Amino acid sequence: MGTKQSLEFNGMGTTIKVEVITDKISIDWKTMMRTWFATFESICSRFQRDSELARLNQSPSWMIVPIHPILYDVLQAAFQYAAKTDFYFNPFVGSILKNMGYERPFQKQQPLFLEYKENKKGGCSVPSRKSISFFPNQKAVMKHTDEEIDLGGIGKGWSVDQAHRLLKGIGIEQGMIDAGGDMVIWGGAPRKIGIMNPFAEDEDIANFIIGAGAVATSNVLYRSWSVRGRRFHHIIHGQTGKNPESDVVQTTVFASCASEADVIAKILCMMSAKEGIRWLNRHFPKAACIIVNESGQLLITPSVSRYVERLVV
Amino acid sequence: MKTNKWVKWVAGLGGVTLFTAFLQLVDSSEMDQQKTNSSPTATAEKNNETMRQREQELMSLDWNEGNWDVQYSNEVITLTPKGQSSGLPPSENRTRRS
């Protein structure tokens with residue numbers, strides 16, 4: 001039985017918390033975690049002008065662009081999920097988010113600076129489905145569109161999955177990584193996790209006991225803003241390029257990895273709660289969810305019991 | 001006379017063989033029919049099994065329902081707040097909007 005060690009730091013616009021149980025005191029896992037998340041952010045952030053992603057977004061289309069292997073891998077994962085979700089999840093929504101005024105990390109936004117820019121067609125563009133080609137041998141890509149890429153719907157989850165792999169790789173068999181609510185728990189020791197109440201953030205709407213699995217929560221209330229009387233939020237329907245209309249306020253998804261939970265949580269905010277449950281059963285039957293709708297109802301899939309030992313509401 | 005005797009034997013044996021083959025044919029087609037008939041039963045049993053698993057999943061979840069009206073269906077458990085919902089104190093670890 002090892003000892004519990006923990007680390008908390010700011011990164012990727014949120015608080016990152018890592019807890020491990022290990023007896024290997026000599027391993028400097030804390031430096032490893034700080035370095036990993038800082039590296040990931042410096043490569044994949046849409047908001048850092050010198051990031052690899054910003055460079056790719058600025059590069060011309062129809063040209064082969066060699067990119068950092070980390071960006072290559074996360075882009076590839078993103079497009080696999082795009083295909084698997086019929087492009088409900090679509091990474092080519094960066095330009096649309098920019099046009100809606102989401103150009104800087106949300107915490108740094110001042111509502112006065114937010115400006116909605118209509119595009120030339122007078123509305124939101126529809127992101128393309130065939131917008132990128134991959135060249136695995138060169139770790140390079142070719143864009144077929146000038147629309148920008150945003151990894152907001154998968155980046156945190158993917159970085160948590162990689163951090164989990166890194167820790168397991170150095171022999172840490174039990175722990176938890178939490179990057180702003182995108183979590184991986186492993187090793188089997190039961191942990192209590194709360195689900196934030198979307199209507200009262202200082203309360204939990206439910207809590208559960210979990211020993212292993214990945215969890216992610218998405219919410220249309222927090223990262224939302226008004227521009228000239230129009231309300232926007234950060235979730236873009238990948239097929240329409242618009243903010244979806246739905247009765248869903250918040251979704252918490254349980255899956256085998258955080259990337260998957262992250263992507264599904266966003267998609268379940270794009271349709272009505274009941275449609276979302278059916279969609280989940282069809283596309284990701286092994287995943288589970290807890291949805292909060294605008295009436296304050298909770299909709300829970302029975303498959304939640306695959307991940308959770310006890311649920312308190 | 002000798003030839004006639006052999007012809008009778010051959011005809012007799014042939015008849016018996018044909019009859020046996022016919023019976024086997026009937027028997028196997030009955031078995032096929034039974035197999036076909038048993039398919040819906042197998043599907044129904046499989047469905048029942050799925051239902052049982054679902055029920056077990058629900059039962060295995062150690063619920064604490066508090067102030068909610070709970071409706072169960074195969075696909076979803078719907079909890080409707082009975083009145084003003086009293087939230088839970090925040091846990092040390094929380095999943096929240098990201």
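Student: Is A:Asp262 buried or exposed?
Tutor: In this predicted model, local features need pLDDT of at least 70, side-chain atom pairs count only at pLDDT 80 or more, and totals for chains, interfaces and linings use all residues. The cut-offs are under 20% relative accessible area for buried, over 50% for exposed and partly exposed in between (1.4 Å probe, protein chains only). A:Asp262 has 1% relative accessibility, so the verdict is buried.

Student: And which helix holds A:Asp262?
Tutor: Helices here are DSSP runs of H or I, at least four residues, and strands are E runs of at least two, numbered from the N terminus. Residues are numbered from 1 along each chain, chains are lettered from A in the order written, and side-chain values use heavy atoms, leaving out hydrogens and water. A:Asp262 sits within residues 258-267 of chain A, which is helix H6.

Student: Where does UniProt put the "binding site" feature?
Tutor: The entry is unreviewed, and such annotations may be inferred rather than shown by experiment; positions follow the numbering used here, with feature names shortened. The record places the feature at A:Gly153 and A:Asp262. They span 110 residues in sequence, but no two of their C-alpha atoms are more than 6.5 Å apart, so they gather at one spot.

Student: What does A:Gly153 touch, not counting residues up to four places away in sequence?
Tutor: A:Gly153 lies in the loop between strand S5 (140-143) and helix H5 (155-169) of chain A. At 10% relative accessibility, A:Gly153 counts as buried. With contact meaning heavy atoms within 4.5 Å, A:Gly153 touches A:Phe89, A:Asp262, A:Val263 and A:Lys266.
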